[in-house]
Amino acid sequence: MNKTARRFSLLLTALSIGAVTVFAAPAPKGPSELIADTVTYDMKNDVMVAKGNVVMITTDGKATGDYAEYHNKTGSGKVIGHVIADKGDAHMECNEFYVEGQSHFTAVGNVKAKQKDRAYVGPKAEFFQDQQYVKMEQGGTVTGKDGSITADFMEGWTGQEHFIGRGNCHIVSPSKNFEGGGDNAEYWGKEEGKTVLTGNAWAMQDDNIMRGKVITALLNQKPAE
């Protein structure tokens, strides 16, 4: 397999990990392929650059963009322009994608990332592989099987299904016919869908409307028989 293609395939793996925070994803195995209008390999500095109609392909994934660069010595790289990445059931789109080492990835500009029933949408998303942590400091929406959380600032620990929103928070759970909001929101998916709204909090379910400083709802709790 071509050395340049293999090293660019590491960039594709990072794209896929960043897209869905699939932590502990192994380095790609098997053949890899790099296609672009021009490819440059700086042997002295161990840097690869691909320009124009860039396509990176591995046995289980594919990424495309206008420009790609990878620094093998530092494990850093980037893909710029119309970035689209697919790996398994993961899909991500953004304007720019940056890799900083083996555990820190940043997607910038019209970010749309999805795997199964979880999705992230916003102007910027940072993924920290070793912590299973995602941060959307410019705000955005996180969607899961039970509904969605939108806020001016979002962060979460995906392994724990724990998400926090700050500023203009809005939670919607169609399956529970629940909607709420407040200055802050916190959600624990593994704790009966526990949702806590604070600061000008409000919530609606069916014909019931609640307002208060703190509102707590257990969205996954089964009703008493």
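The exercises below, each with a worked solution, concern a predicted model of a protein.

**Exercise 1. Overall composition**

Determine how many helices and strands the protein has, and what share of its residues is buried.

*Solution.* Begin with the secondary structure: the protein contains 1 helix and 16 strands. Turn next to burial, where a residue qualifies if its relative accessible area is under 20%. Of the 225 residues in the protein, 46% are buried. The accessible surface amounts to about 11,500 Å², and carbon and sulfur atoms account for 49% of that area. Finally, consider the contacts between residues at least 6 apart in sequence: 36% of these join residues at least 24 apart.

**Exercise 2. The largest pocket**

State the volume of the largest pocket, and establish which strands each supply at least two residues of its lining.

*Solution.* The principle comes first: rolling a probe the size of a water molecule over the atoms shows where empty space is left. In this model, the largest pocket holds about 420 Å³ of space. Its lining consists of 22 residues, and those nearest the centre are D117, R118, T143, G144 and K145.

The next step assigns the lining to strands. At least two lining residues come from each of β8 (118-128), β10 (140-144), β11 (147-151) and β13 (162-173). The greatest contribution is that of β13, with 4 residues.

The last step sorts the lining by chemical character, which gives 9 nonpolar, 7 polar and 6 charged residues.

**Exercise 3. Strand β9 and its partners**

Identify the strands with which β9 pairs, and give the number of bridges in each pairing.

*Solution.* Strand β9 covers residues 133-136 and is joined to β8 by 3 bridges, the two strands running antiparallel. Within this pairing, V134 of β9 lies opposite F127. The hairpin formed by β8 and β9 has 4 residues between the strands.

The second partner is β12 (residues 153-157), which pairs with β9 in the antiparallel sense over 4 bridges. Here M136 stands opposite M154 in β12.

One residue of the β8-β9 loop calls for separate treatment, namely Q132. Its phi is near 50°, a positive value in a residue other than glycine. With a relative accessibility of 32%, Q132 is classed as partly exposed.

**Exercise 4. Strands β14, β15 and β16**

Describe how β15 pairs with β14 and with β16, and locate the residues with positive phi in this region.

*Solution.* Take β14 (residues 178-188) first: this strand and β15 pair in the antiparallel sense over 9 bridges. G180 has A203 of β15 as its bridge partner. Between the two strands of this hairpin lie 5 residues, and E192 adopts a positive phi near 60°.

On the other side of the sequence, β15 is joined by 10 bridges to β16 (residues 208-218), again running antiparallel. L197 stands opposite I215 in β16. The β15-β16 hairpin has 2 residues between its strands, and D206 in the turn shows a positive phi of about 55°.

A further positive phi, near 55°, belongs to N200, a residue other than glycine. N200 is found within strand β15 itself, which spans residues 194-205. At 62% relative accessibility, N200 counts as exposed, because the threshold for that class is over 50%.

**Exercise 5. Two residues compared with the burial cut-off**

Decide whether T106 and G139 are buried or exposed, and list the residues that each touches beyond four places in sequence.

*Solution.* T106 lies in strand β7 (residues 104-115). Its relative accessibility is 6%, so T106 counts as buried. Leaving aside residues up to four places away in sequence, T106 touches E96, F97, Y98, E100, K124, A125 and E126. The C-alpha atoms of T106 and F128, which are 22 residues apart along the chain, are separated by 8.8 Å.

G139 is located in the loop between β9 and β10. The relative accessible area of G139 is 4%, and the residue is therefore buried. With the same exclusion of residues up to four places away, G139 touches G122, P123, A151, D152 and F153. For one of these contacts, that with D152, the C-alpha separation is 4.0 Å across 13 residues of chain.

Conventions. Residues numbered from 1 in each chain as written. Predicted model: local features only at pLDDT ≥ 70, side-chain atom pairs only at ≥ 80, totals over all residues. Heavy atoms only, no water. Buried < 20%, exposed > 50% of the residue type's maximum accessible area, 1.4 Å probe, protein only. Contact = heavy atoms within 4.5 Å. Areas by Shrake-Rupley, 256 points an atom, 1.4 Å probe, with all protein chains shown as cover. 1 Å grid on protein atoms, 1.4 Å probe; cavity = no way out; pocket = protein on both sides within 12 Å on 5 of 7 lines; lining within 4 Å. Points joined across faces, edges and corners; volume = space filled by probe spheres on them. Nonpolar A, V, L, I, M, F, W, Y, C, P; charged D, E, K, R; others polar. Pairing = 2+ DSSP bridges.
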